[in-house]
Amino acid sequence: MSGIYIHIPYCKQACYYCDFHFSTSLQNKQQMVEALKKELKLRTTYLSDPVIHTLYFGGGTPSLLDSHELADLIEMVRETYQLAPDAELTLEANPDDLTTEKLTQIKALGVNRLSIGVQSFDDEILQYFNRSHDSSAAITSIREAQGLGIENISIDLIFGVPNQTRAMLQKDLEMALSLDTPHISIYGLTIEEDTVFGKWHQQNKLTPMDDDLAGQHLMLIMETLSAAGYEQYEISNFSKPGWRSHHNSSYWSGTHYLGIGPAAHSYDGDSRQYNVSHNTKYIKALKNGELACEIETLSQKDKITEFVLTQIRKSEGINLEQLHRQLDYDLQRTKAAELSQLLAEQLVYIEDNSLTLTQKGKLLGDWVTEQLIP
Amino acid sequence: MDHLRNFCIIAHIDHGKSTLADRLLQNTGTVTGRDMQAQLLDDMDLERERGITIKSHAIQMAYKHEGKDYTLNLIDTPGHVDFSYEVSRSIAACEGALLIVDASQGIEAQTISNLYLALEHDLEIIPVLNKIDLPGARPEEVSEEIIDLIGCDMEDIIHASGKTGFGVDNILDAIIKRVPAPKGKPDEPLQAMIFDSQFNSFRGIEVIFRVFNGSIKKGDKIKFVATGKTYEADEIGTLGLQQHPQKEIKTGDVGYLISGIKVAKEVKVGDTITAIDRPTTEMIKGFEEVKPMVFAGIYPVDTQDYEELRASMEKLQLNDASLVWEPETSAALGFGFRCGFLGMLHMEIIQERLEREFDMTVITTVPSVQFKAFMTDGSVQDINAPSEMPDPSRIKHVEEPFIKAQIISKADYVGPIISLCMDKRGTIQNQVYLTADRVELTFDIPLSEIVFDFFDKLKTISRGYASLDYELTGLKQSNMVKLDIMLNGEAVDALSAIVHRDKAYEWGKRLCEKLKELIPRQMFEIPIQASIGNKIISRETVKAMRKNVLAKCYGGDISRKRKLLDKQKKGKKRMRQVGNVEIPQDAFMAVLKLD
């Protein structure tokens, strides 16, 4: 099992909350595609298992790629790796890019899953975020895609927006449910330093949502979606049974993946590798047949921490037996005191050798993680 | 003796004392340009960065004037109010003083008080208008101030620039012509005054002294009168840029003494050195035991570093005898030390030196002054820390130290300065216009009120113009109470403070609010309460943690999140536990930053 992530570092405009790597100048897009192809070719030996089960185009905004560019990249993957016949092939897309024509083309290219950046169905919030679309564009694009037979659609939503009320969140959830996509990702808004929101926060022009309220909102989300038949298979991800994101699941289960493109990350079980977060530097290096990246070798302690912090997010929880066997970390013994407190507070439960967050525990996931890592 | 001149420099911080001193060393050939390092006399890094001389030194220069050879001893003085006793001893070792005034800034409070000290000791004052080359220089106005102050003539004032070297020869000539040669009797018994000391890790304490009568010879058996300790003068000499060993230091001259002294406490500034075989009957006047004025607890950030902190403090004490400390235990902070400092600057310096020279980061508790509790049973207790405050039912009354604070400022800021001092329980005693534009204000004010943030506030409201000098005037009865802070019902000793009853409510409220900001949410609600005795006067609550989860965690987020968790974990290890509440270290410093 292996996955490939391809980062498309372009956006029409910058969303005020986003600190991912992207550029709003599309000038070098063609050169970028060439560089991405070159990196794919250059790194064929990175993955120990060459069979690719998931291919994921993320960004930035991958839907900004012209169909022939996307075709080129998929073709390169097919040429240099073994793309499994039933591979999950996801494209992140912004609603305003998803015209009927575009949808038809990408479907023809083999894209079988769409992750649509809706963020909210509230036009005021969309404006506040500096999104390039309104809610009706989002609704239209989802219905169009469904009409064309693309079933596997995920929508991204953001909660915890300053001044967002419970009623506003409820409306977002209702709208999302009415669209009946099999997958919904919901992220709490985090104010990142190097963003417009970060700056506003520093200047006291933006007050992040109070944690108590954000906690209540997250609870509402979990209850509403669960009632609608979605399972929370990861803290921020909800799906109808059988519709999980295979690619993203690989991040939480230690599957190796290859990250292509500027700022993309790769993982081979022993180290994490980060490509340079700079489009020109990235392109230049690949022109010379080199890769501009940094490698971080994981210590035993790092591996344990990552195991705990990723697995605890999943509905299956931390496989204690696997953790013990694979990384020689007997969590129940090493963290006995912490664990008994967490159990007493009903933040976690242990069943079948798995340690899982309770509903209450999910709200405090990071704090719980901190108690359990070495 | 006719060819000897002993002088010091009186100047405010930043008025260019050190630069001008360097010029004197250069023009007399004591240092060559090559050796020259800006502000030579300040040899601690810290001093150079702060631009102030913390420890005084002495340096000897040779100078030829009208065909005759002269020896000049420049005795450097510390420039801050915390070290006024050391300044007074340096002054007592001189016959003359250069009064250096910045030509654009005019006279400041510290300068005036040191000038008065110099006049008390009958020093010949040579006024120097420095930084005359700067565009903002106002030589006429500032000269008027000087003339008003010391009653000299306009032509007595030397114009100079430490930067360009202008006027430096005039200064040297004036020192020779105007400063009297030392008087004293070479055939009398030895009488020398210690005015400084420094620590040498190989040779022990080096004592810097001035001979008033008699002379000291290498190998002499000597005695320090105040401590009663006896030593042998293993090495004596004069101080140039390096030490120059000599066989004898004669009447009127300045020198150093090495006699294997290991403990700085044995060397008291102001003490008299005499010879054992022919001792003097009289101590040199003016000796005082230096007493700490400000007290605070110093604790290692990491409790495991206690022994290392102790070793560092011991080393610091070797060259700073004015630092006193004893072990102290706090329920919240563990093992640490109760320290006495000469003042707030001194405290800051110690803290910084611990950090720089010993790589020790420390937590400092609320600074306190020494109160006296008069007990119902007639006894009197010194209170250096809130924990030492007896039960109120056993106290008849409490007295606290008051100071006379002299503030010199531009006239524009008189209003805000007066209200600041009134807010600090001060009363105005005097208001004198030095010139149309500059005012000297005198306040009677409790010392405890100026140990926190007074100086910073004064600087802020006067846009940096006001300068402060103070001296202790005595004790007065005050209604002081001990204010305690409780977290989740448990008193945190390190956050207690002794405050005036009228201010306790405000203090408690602000401290609770600040702590609410600083204490991270935990699994349970944490009440923060301020109390006097059993009476709660303020309350805040840190709500229980409700949500603490980062939203997304994909490829690149994983290592980012791991690093974040590791960092949080590390920060948590440095937290202190009181009851079941975890307190970050900056909460203990919160009191110091209440505004």
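Me: In which strand of chain A is A:His183 found?
Reply: The model considered here is predicted. Within chain A of this model, the element that holds A:His183 is strand β6.

Me: Is A:His183 buried or exposed?
Reply: A residue counts as buried under 20% relative accessible area. The relative accessible area of A:His183 is 0%, so this histidine is buried.

Me: With which side chain does the side chain of A:His183 make a polar contact?
Reply: Beyond four places in sequence, A:His183 touches several residues, including A:Arg113, A:Ser154, A:Tyr230, A:Tyr233 and A:Trp243. The polar contact of its side chain has a distance of 2.6 Å, and the partner is the side chain of A:Tyr233.

Me: Where in chain B is the place of B:His15?
Reply: UniProt, in an unreviewed entry, lists B:His15 under "binding site", and B:Gly16 and B:Lys17 are among the other residues listed there. B:His15 follows strand β1 (4-11) and precedes helix α1 (17-27), and its place is therefore the loop between β1 and α1 of chain B.

Me: Is B:His15 buried or exposed, and which residues listed by UniProt for "binding site" is B:His15 in contact with?
Reply: With a relative accessibility of 0%, B:His15 counts as buried. Leaving aside neighbours within four places in sequence, its contacts include B:Ile100, B:Asp102 and B:Glu108. Among its contacts that also appear in the UniProt list are B:Asn130 and B:Lys131.

Me: Which helix of chain B holds B:Lys17, and is this residue buried or exposed?
Reply: B:Lys17 is also listed for "binding site" in the unreviewed UniProt entry. Its place is in helix α1 of chain B. Because its relative accessibility is 10%, B:Lys17 counts as buried.

Me: How many salt bridges does a search of the whole structure find?
Reply: Side chains of opposite charge can pair when their charged atoms come close. Over all chains, the number of salt bridges found is 48.

Me: Which residue of chain A forms a salt bridge with B:Arg560?
Reply: The closest N and O atoms of this salt bridge are 3.2 Å apart, and B:Arg560 is paired with A:Glu192. The pair crosses between chains, from helix α13 (residues 555-573) of chain B to the loop between β6 (183-188) and α7 (196-202) of chain A. B:Arg560 counts as partly exposed at 40% relative accessibility, whereas its partner, buried at 15%, is A:Glu192.

Me: Which residue meets A:Asp212 in a salt bridge?
Reply: A:Asp212 belongs to helix α8 (residues 211-227) of chain A and its partner to the loop between β31 (535-542) and α13 of chain B, so the pair joins two chains. A:Asp212 counts as buried at 12% relative accessibility, while the partner is partly exposed at 39%. The N to O distance is 3.1 Å, and the partner is B:Lys543.

Me: How many residues apart are B:Asp444 and B:Lys476?
Reply: The side chains of B:Asp444 and B:Lys476 meet in a salt bridge of 2.2 Å, N to O. B:Asp444 is buried at 11% relative accessibility, and B:Lys476 is partly exposed at 36%. B:Asp444 lies in strand β25 (residues 438-446) and B:Lys476 in strand β26 (residues 467-478), so the pair links distant parts of chain B, and the separation is 32 residues.

Me: Which residues do salt bridges that share partners join into one network?
Reply: The network includes residues of chain A and of chain B. Its members are A:Arg272, A:Glu296, A:Asp302, A:Glu306, B:Arg562 and B:Lys563.

How values were computed
Residues numbered from 1 in each chain as written. Chains lettered and ligands numbered in written order. Predicted model: local features only at pLDDT ≥ 70, side-chain atom pairs only at ≥ 80, totals over all residues. Heavy atoms only, no water. UniProt positions renumbered as here; feature names shortened; annotations may be inferred. Helix = DSSP H or I, 4+ residues; strand = E, 2+ residues; numbered from the N terminus. Buried < 20%, exposed > 50% of the residue type's maximum accessible area, 1.4 Å probe, protein only. Contact = heavy atoms within 4.5 Å. Salt bridge = Lys/Arg side-chain N within 4 Å of Asp/Glu carboxyl O. Polar contact = N/O pair within 3.5 Å; in protein donor to acceptor, adjacent residues only side chain to side chain.
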